[in-house]
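Reader: I'm new to protein structures and I don't know where to look first. Could you walk me through one?

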Amino acid sequence: MSKNVKNGLIWAFVGVMLAVMYIPILILIIYSFTGAKAMGVWSGFSFELYADLFTNESIMNAFKNSLVLALVSSLLSTVLGTTAAVGIFYMRKWKKSAANFIANITMENAEIVTGVTFMMFFLALRLPYGWVTLIIAHTMITTPYVILSVTPKLAQLTPNLYEAGLDLGASPVRSMLTVIVPQLIPGMISGFVMAFALSLDDFIVSKFVNGSVETIPVYLYNALAKRGADPTLRALSSILFVAVLAVLIALNVISAKRRNRNIVK
Amino acid sequence: MATVAREKFDNIIEIKNVTKVFDGITAVDNVSLSVRRGEFVTLLGPSGCGKTTLLRMIAGFEMPTSGTILLEKQDVTTMPPHLRPINTVFQKYALFPHLNVFKNIAFGLKLKKIPTGEVDKKGRPIFRKFTKDEIAEKVERVLKLVNLEAYGYRDITGLSGGQQQRIAIARAIVCEPKVLLLDEPLGALDLKMRKEMQSELAAMHKNIGITFIYVTHDQEEALTMSDKVVVMTDGAVQQYGTPKKIYDEPANAFVADFIGESNILSGVMKKDFLVEFCGTQFKCLDKGFEKDEKVDLVVRPEDIAISAKSGALAGEVVSTVFKGTYYEMEIVAGDYQFTVQNTVEYVAGSKVWLTIEPDGIHIMKKLKTVNELDGEVTSENTVEICGGEFEFENTQNFERGDEVRVCVPFDKVELTDDEEDGVIGANVTQTLYKGSYYQVQVYTDDDNDFLIDTVDEWDIGDRVGIKINPKDMVVTRKQTTIDGETVTDGETVTDGEIDSIGEEGETDE
């Protein structure tokens with residue numbers, strides 16, 4: 001097989017894959033700019049659905065809930081994940097691998113299992129489903145991602161940095177906060193953003209523990225189940241997709257820039 | 001306080017019987033050491049000898065497993081590092097990358113509390129922090145001291161290795177510590193920079209009068225910079241003394257080999273002031289050995305005279321290398337291959353005579369003359385030592401469970417390339433060329449060491465197997481003293497101006 005043919009085939013394969021993945025989303029976005037009730041009918045360009053969306057009280061409420069939940073849980077998981085990452089990093093041998101393994105379980109576990117587990121856990125604790133359970137569950141499922149993004153920063157630390165802080169008279173806590181944490185901030189930020197996006201996006205776990213609190217994904221599902229495909233959902237899905245995409249692109253651009261700067265140095 | 005007493009006995013640091021065990025491996029083994037105020041003391045030894053661990057215990061980053069550390073007579077063994085008036089210059093500098101030069105140096109000053117001289121109602125002294133101006137002034141002064149006056153507002157990451165090094169030193173000495181610890185601070189610099197920094201450090205030590213404890217594996221660095229050198233290996237102090245003393249009168253073969261080029265040979269003391277090696281008797285300056293005692297002896301390459309006509313030993317030049325101001329020749333005489341330095345070149349192949357003056361021969365007690373290990377008889381003809389079952393000839397009718405002492409001569413231990421071929425596995429930790437054979441030291445997995453005389457060359461770090469012929473195992477019943485401790489052979493103690501010395505001894509318990 002000639003090289004050209006081989007390359008052509010590779011590109012064709014990638015093209016088909018991307019098309020299958022993105023064309024439905026693209027169609028959805030295009031049809032979010034028309035007011036027609038049924039999907040696939042073009043009744044002229046309009047922002048009607050977006051206008052409906054922003055005037056729909058329950059959607060706006062769900063939107064607010066999602067934002068608050070994402071913000072609170074990702075702040076918590078950033079703190080938790082960073083401390084965990086530091087702790088795990090300074091562990092030795094088998095303890096380290098054991099801690100890493102346990103920390104990654106929620107990430108590797110099927111989400112449906114995690115969801116059911118949380119449901120039963122809160123039930124056993126007699127904790128009513130709602131804000132508290134949502135925040136706990138979201139913090140737990142996003143913490144491993146913070147650990148993952150902070151750990152490489154720890155590995156890059158100049159040796160003895162923490163000890164240098166102690167050596168110069170800083171107490172252990174102070175040395176951690178004034179010497180180590182500043183080095184970890186880039187990792188903490190990307191961990192936070194990742195946690196935020198994951199929380200915003202999460203449906204399965206939320207569905208099990210949300211009680212009466214509706215997040216956007218839960219609202220979407222409930223609306224579909226109750227009333228069928230409400231046309232405003234097209235606008236909502238489009239916004240969600242674009243928002244998450246924007247966050248991911250921003251994250252990539254930032255880390256690419258940082259890499260370049262380090263190379264120049 | 002009487003100043004006379006101060007001068008004579010003023011030990012700023014005293015380390016007493018300090019041992020540190022990590023995961024069953026003894027890094028520092030019963031070290032005792034004292035450092036006088038204002039001295040420049042270097043801990044010297046190969047990597048893994050425990051010198052950095054010892055330093056880290058002085059700094060407070062590691063707690064000794066046993067023993068005490070005194071700072072100005074006060075027990076600081078368990079005091080956390082941030083409360084000790086000791087500062088450290090780290091190997092890779094450990095500068096804070098998010099702070100500029102000024103803020104790095106000011107870090108310690110901002111945390112420091114100084115007595116105001118006043119006392120509160122309860123009579124306790126009142127402390128205050130340095131003011132901004134005081135900090136700025138101190139930072140400027142120390143930057144001047146390290147020749148980086150205009151660098152205060154530079155980023156750390158933009159500085160060269162040498163500059164970072166100076167900042168690290170400045171950051172440590174600006175806190176005016178009682179003791180400055182330096183952990184191989186010049187290791188990351190290139191040769192030229194290193195030479196420059198060596199003399200700068202020595203000058204700085206003279207100027208500021210702080211006690212320096214310096215860790216290095218570079219013997220030249222140790223000899224040129226320090227007032228005292230502590231030679232360490234396997235977690236124990238081998239010798240503590242002035243650089244000159246350590247060079248001229250090494251305490252044992254290890255020190256002799258580690259410090260400078262040397263010919264290390266085995267010999268026999270015939271009587272006081274007379275030693276025999278290479279089949280020839282030589283006059284020497286050492287006495288006090290037993291008749292026919294086996295000894296190690298060191299002859300520095302520059303102390304061997306060569307002549308084409310006459311001398312004590314006949315030899316043949318094997319190779320010659322020009323070293324700038326002298327020639328270094330390898331000369332075979334008797335069984336030994338000598339390294340000889342001379343300003344006159346004798347080409348390879350020439351027959352020469354070697355002469356060694358009495359003051360060129362330094363006699364050392366042999367550290368150990370035989371491998372001695374504790375074991376337990378496990379069957380009619382096997383004994384367990386170092387976690388492996390060795391066969392032996394049970395002539396004394398030992399029974400299973402008997403505790404015994406096993407002696408194996410150095411040249412009767414066999415090393416095997418493949419660990420599986422030996423009864424137990426071990427790591428090669430040291431090899432010493434002794435003219436006609438190598439003396440290899442290996443460590444077994446349960447932290448016992450064997451010395452092996454062999455004609456094969458082994459590399460440090462090699463994984464080997466150990467085999468012993470049953471008829472070479474000398475097994476005796478273990479003797480115990482009144483308090484139940486095993487009798488071990490005596491440790492070497494060097495005389496002269498030594499403050500104290502670490503003991504050589506296995507930790508059996």
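Author: We'll go through chain A, then the contact between the chains, then parts of chain B. Keep in mind that this is a predicted model.

Reader: Okay, how many helices and strands does chain A have?

Author: A good start is to list the elements. Chain A comes to 11 helices and 0 strands, and from the N terminus on its elements run α-α-α-α-α-α-α-α-α-α-α. Its C-alpha trace spans about 70 × 65 × 35 Å along the principal axes.

Reader: And what percentage of the residues in chain A is buried?

Author: Of the 265 residues in chain A, 31% are buried. You can also ask how far apart in sequence the touching residues are. Take the contacts in chain A between residues at least 6 apart in sequence: 74% of them join residues at least 24 apart.

Reader: How do I read two helices that pass each other? At what angle do the axes of α3(A) and α8(A) cross?

Author: Look at the axes before the side chains. Helix α3 (residues 57-89) of chain A and α8(A) have axes that come within 8 Å and cross at roughly 140 degrees. Angles over 145 would count as roughly antiparallel and 65 to 115 as roughly perpendicular, so α3(A) and α8(A) are oblique to each other. The crossing of α3(A) past α8(A) is right-handed.

Reader: Which residues of the two helices meet there?

Author: Here's a handy idea: an α-helix has 3.6 residues a turn, so residues three or four places apart point the same way. Now the case here. On the α3(A) side, the residues that meet α8(A) include Ser66(A), Leu69(A), Ala70(A), Ser73(A), Ser77(A) and Gly81(A). On the α8(A) side, they include Ile180(A), Leu184(A), Met188(A), Gly191(A) and Ala195(A). By class, this contact of α3(A) with α8(A) has 10 nonpolar, 9 polar and no charged residues.

Reader: What about the place where the chains touch? How many residues does each chain give to the contact?

Author: Count each side separately. Chain A gives 16 residues and chain B gives 18 residues. On the chain A side, the elements that give two or more residues are α7 (161-167) and α8 (172-201). The largest share of that side, 5 residues, comes from α7(A). Sorted by class, the side of chain A that touches chain B has 8 nonpolar, 5 polar and 3 charged residues.

Reader: Let's move to chain B. How do I read a sheet, and in what order do the strands of the open sheet come?

Author: Follow the pairing from strand to strand. In chain B, 5 strands form an open sheet in the order β25-β24-β23-β26-β32, with antiparallel pairing. The edge strands are β25 (388-391) and β32 (474-477), each of which pairs on one side only. From one strand to the next, the twist averages 40 degrees.

Reader: Which residue of β25(B) is the bridge partner of Glu384(B)?

Author: That partner is Glu389(B). Strand β24 (residues 382-385) of chain B and β25(B) run antiparallel and are joined by 4 bridges.

Reader: Which strands does β28(B) pair with?

Author: Try β29 (residues 438-444) of chain B: it and β28(B) pair in the antiparallel sense over 7 bridges, and Asn427(B) has Tyr443(B) as its bridge partner in β29(B). The hairpin of β28(B) and β29(B) has 4 residues between the strands, and Gly435(B) in that hairpin takes a positive phi near 90 degrees. β28(B) is also joined by 4 bridges to β31 (residues 463-468) of chain B, again antiparallel. There, Ala426(B) is partnered with Val464(B).

Reader: Which residues have a positive phi although they are not glycine?

Author: Tyr93(B) is one of them, with a positive phi of about 70 degrees. Its place is in the loop between β6 (86-89) and α3 of chain B. Asp234(B) has a positive phi of about 50 degrees and sits in the loop between β11 (228-233) and β12 (236-241) of chain B.

Reader: Are those two buried or exposed?

Author: Count neighbours: 20 or more other C-beta atoms within 10 Å makes a residue buried. Tyr93(B) has 25, so Tyr93(B) is buried. Asp234(B) has 22 and so counts as buried. For an exposed case, go to Asp359(B), which has 11 C-beta neighbours inside 10 Å. Asp359(B) lies in the loop between β21 (351-356) and β22 (361-365) of chain B.

Conventions
Residues are numbered from 1 along each chain as its sequence is written. Chains are lettered from A and ligands numbered from 1 in the order in which they are written. This is a predicted model: local features need pLDDT of at least 70, side-chain atom pairs count only at pLDDT 80 or more; totals for chains, interfaces and linings use all residues. Two residues are in contact if their C-beta atoms, placed from the backbone, lie within 7 Å. Ala, Val, Leu, Ile, Met, Phe, Trp, Tyr, Cys and Pro count as nonpolar, Asp, Glu, Lys and Arg as charged, and the others, Gly among them, as polar. Two strands pair if DSSP finds at least two bridges between them. Axes are lines fitted to C-alpha atoms, for helices over the stretch in contact, and angles run from 0 to 180 degrees between N-to-C directions. Angles under 35 degrees count as roughly parallel, over 145 as roughly antiparallel, 65 to 115 as roughly perpendicular and the rest as oblique. A crossing is left-handed if the near helix is turned anticlockwise from the far one by less than a right angle, and right-handed if clockwise. A residue is buried if 20 or more other C-beta atoms lie within 10 Å of its own, exposed if 12 or fewer, and partly exposed in between; C-beta atoms are placed from the backbone.
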